[in-house]
Amino acid sequence: SVVTQLLKHGAKVTVGGTRSASFEDSKNRWLDLFPSLDMARLDFSNVDRELAESVASVLSNDKFDLVVHTAGPFQGKVSTPNGVIAAAVAKGIP
């Protein structure tokens, strides 16, 4: 996954989502696959990816060098706001 690859290369990673239980399930799966991952560099933030204000509040809590949006589906959602992109652009984060 993107998260495990970033962690393996020393990045500090914040995962945004609507359910912390899903994050914990993923975190446990990642640890099963890669027991040596440094989970101290992994955080979770509750966020609504369609609301730029929700994403912006997370981006304001820390210094972020990059935003990677991996949630889908992207196809056919032209009328749905993409809060992740809007907030990242507004904050000047690639």
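**Note on the predicted model: pocket, fold and surface**

1. The lining of the largest pocket divides by class into 19 nonpolar, 10 polar and seven charged residues. The model is a predicted one, and the description of the pocket that follows should be read with that in mind.

2. The space in this largest pocket comes to about 1,100 Å³, and its lining is made up of 36 residues, among which Val13, Thr14, Val15, Gly16 and Val68 lie nearest the centre. Two or more lining residues come from each of helix 1 (2-8), strand 1 (13-17), helix 2 (20-33), strand 2 (42-46) and helix 3.

3. As to the fold, the chain has four helices and two strands, and these elements are arranged along the sequence in the pattern α-β-α-β-α-α. The loop between helix 3 (52-59) and helix 4 (83-91) contains leucine 66.

4. At the surface, Val2, Leu6, Leu66 and Val68 together make a nonpolar patch of about 310 Å². Two of its members can be placed further: Leu66 belongs to the loop between helix 3 and helix 4, while Val68 is also one of the residues nearest the centre of the largest pocket.

5. On overall dimensions, the C-alpha atoms of the chain fill a box of roughly 40 × 30 × 20 Å along the principal axes. The radius of gyration of the chain is 14 Å, which agrees with the value near 12 Å that a compact globule of 94 residues would have.

Conventions
Residues numbered from 1 in each chain as written. Predicted model: local features only at pLDDT ≥ 70, side-chain atom pairs only at ≥ 80, totals over all residues. Heavy atoms only, no water. Patch = residues over 30% accessible without salt bridge, like charges linked within 9 Å, V, L, I, M, F, W, Y side chains within 5 Å. Areas by Shrake-Rupley, 256 points an atom, 1.4 Å probe, with all protein chains shown as cover. Salt bridge = Lys/Arg side-chain N within 4 Å of Asp/Glu carboxyl O. 1 Å grid on protein atoms, 1.4 Å probe; cavity = no way out; pocket = protein on both sides within 12 Å on 5 of 7 lines; lining within 4 Å. Points joined across faces, edges and corners; volume = space filled by probe spheres on them. Nonpolar A, V, L, I, M, F, W, Y, C, P; charged D, E, K, R; others polar. Rg over C-alpha atoms; globule rule 2.2 N^0.38 Å.
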